[in-house]
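Visitor: I should like to go through this model with you and ask, for each label, what value stands behind it.

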Amino acid sequence: MSKGRFGEFGGQFIAETLMPTIIELEKAYKFYKEDPLFQEELTELLNQYAGRPSLLYYAENMTRDLGGAKIYLKREDLNHTGAHKINNVLGQVLMAKKMGKKRIIAETGAGQHGVATATACALLNLDCVIYMGQHDIVRQALNVYRMKLLGAEVVSVRSGTGTLKDAVNETMKEWTRRMDDTHYCIGSAMGPHPFPTMVKDFQSVISKELKSQILKAEGRLPDAVLACVGGGSNAIGSFAAFIDDLDVRLIGCEGAGHGIDSPDSAATMQVGRTGVYHGMKTILAQDSDGQVQPVYSISAGLDYPGVGPEHAYLAAILRAEYVPVTDEEAVQAFEYLSRTEGIIPAIESAHAVAYAIRLAQEMNPDQIICLTLSGRGDKDCAAIARYRGEEIYE
């Protein structure tokens, strides 16, 4: 795609003051993408520090219980910091340091990108500031403490709905104020070019490993690859190596909140339409006047009113499917996987687990589902207990 375009989606819809910095970043990304020394250093960090390759786990109990397709879990929850976010962050922060940047800023919703960014900055000795919506700070108190413990400054964003979209707004504003020594480490496959492509490249390690692992385990490709979708970094990383394999279904699972027929949903692909936001043209939840609408999901990581532009493109060309999963379905799946396999998934990942439960029972035992567990669920236990009305001792 030319200049970061995915069909009609993508592009660079940004303030003129940011263009020199974006051009600088684009040039650096093109250089380091082809630089063998950078790639060698990044691979060493991924393997020796982040713990890659991540495990491809055959969920035998789940498979037997559901009685349909074989289910494999790509265990990004086992990465250092507990999620897929570290893959992209190590790439961006290492590149920023080589560009001479001294300071990293980032947005976070569920806190996993913030923790990963704070971790990489501690490792590489860079200053770190994380912007997080005030509502998400309450939902994800554990991750807020982890970020501070790692040396990051956490800024509470009180504007708007106090969630992920507002954290992105504030981080972009800060970047325009201090571009010379600061890199904005975007956590998802969104924003102006080159971010969607760059994040996809750094996260594609998921699907490259998955493809090799499933071929070794089963001697063939899966019938379906599932991942949760907010902005869409783990999903595009999970899909990347399979996009040209047209027999493999690619399925993104969105946070439908209280349902797509209610006002409380973050299932952008179901309720959205084309618009421009946060530097990109994509699918957005909008009102009749084209204003971006507040969205809702029990999952702070899926609580975003848009989706990465490549996902919008994959949906438009019918290469990928995007399905809604409600809060209640996700919580049931959170509990189900915990009790069936002894694996507590992030509530974001539980949205994909929920759809896998439904899909597997419609498939044959000789078919295969590969599901990316984008993160672990320690951060969500207190919130889910409250959702279930259980008393929490803190």
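Visitor: Which residues does Gly 4 touch, not counting residues up to four places away in sequence?

Guide: In this predicted model, Gly 4 touches Phe 9, Gly 10, Gly 11 and His 193, once residues up to four places away in sequence are left out. Gly 4 itself is found in the segment before strand 1 (5–6), and its C-alpha atom is separated by 9.4 Å from that of Glu 310, a residue 306 positions away along the chain.

Visitor: Why does Gly 4 count as buried?

Guide: Its relative accessibility is 6%, and the label buried is given under 20%, so Gly 4 counts as buried. Buried residues make up 61% of the 394 residues in the chain.

Visitor: How do you know whether the radius of gyration of the chain agrees with that of a compact globule?

Guide: For 394 residues the expected radius for a compact globule is near 21 Å, and the chain has 19 Å, so the value agrees with the rule. The C-alpha atoms fill a box of roughly 55 × 45 × 45 Å along the principal axes, and the secondary structure comes to 16 helices and 14 strands. Among contacts between residues at least 6 apart in sequence, 73% join residues at least 24 apart.

Visitor: What makes helix 2 oblique to helix 4?

Guide: Helix 2 (residues 36–49) and helix 4 (residues 85–98) pack at an angle of about 140 degrees, with their axes 10 Å apart. Roughly antiparallel is reserved for angles over 145 degrees, and roughly perpendicular for 65 to 115, so helix 2 is oblique to helix 4. The crossing of helix 2 and helix 4 is right-handed, and the contact is made by Phe 38, Glu 41, Leu 42, Leu 45, Leu 46 and Tyr 49 of helix 2 with Asn 87, Leu 90, Gly 91, Leu 94, Met 95 and Lys 98 of helix 4. By class, the contact of helix 2 with helix 4 has eight nonpolar, two polar and two charged residues.

Visitor: Why is helix 4 called oblique to helix 5?

Guide: The axes of helix 4 and helix 5 (residues 112–124) come within 9 Å and cross at roughly 40 degrees. Roughly parallel would require an angle under 35 degrees, and roughly perpendicular one of 65 to 115, so helix 4 is oblique to helix 5. Helix 4 passes helix 5 in a right-handed crossing. Residues in the contact include Ile 86, Val 89 and Val 93 of helix 4 and Ala 116, Ala 120 and Leu 123 of helix 5; by class, the contact divides into nine nonpolar, four polar and two charged residues.

Visitor: Is His 278 buried or exposed, and what makes its phi stand out?

Guide: His 278 has a relative accessibility of 7%, under the 20% limit, so His 278 counts as buried. Its phi is positive, about 50 degrees, although the residue is not a glycine, and its place is in the loop between strand 11 (273–277) and strand 12 (280–284).

Visitor: Why is Leu 318 labelled as it is for accessibility?

Guide: Leu 318 has 75% relative accessibility, which is over the 50% needed for the label exposed, so Leu 318 counts as exposed. Leu 318 is found in the loop between helix 13 (309–316) and strand 13 (320–326), and its phi is near 65 degrees, a positive value in a residue other than glycine.

Note on methods: Residues numbered from 1 in each chain as written. Predicted model: local features only at pLDDT ≥ 70, side-chain atom pairs only at ≥ 80, totals over all residues. Heavy atoms only, no water. Axes fitted to C-alpha atoms, helices over the stretch in contact; angles between N-to-C directions. Helix = DSSP H or I, 4+ residues; strand = E, 2+ residues; numbered from the N terminus. Left-handed = near helix turned anticlockwise from the far one by under 90°. Contact = heavy atoms within 4.5 Å. Nonpolar A, V, L, I, M, F, W, Y, C, P; charged D, E, K, R; others polar. Rg over C-alpha atoms; globule rule 2.2 N^0.38 Å. Buried < 20%, exposed > 50% of the residue type's maximum accessible area, 1.4 Å probe, protein only.
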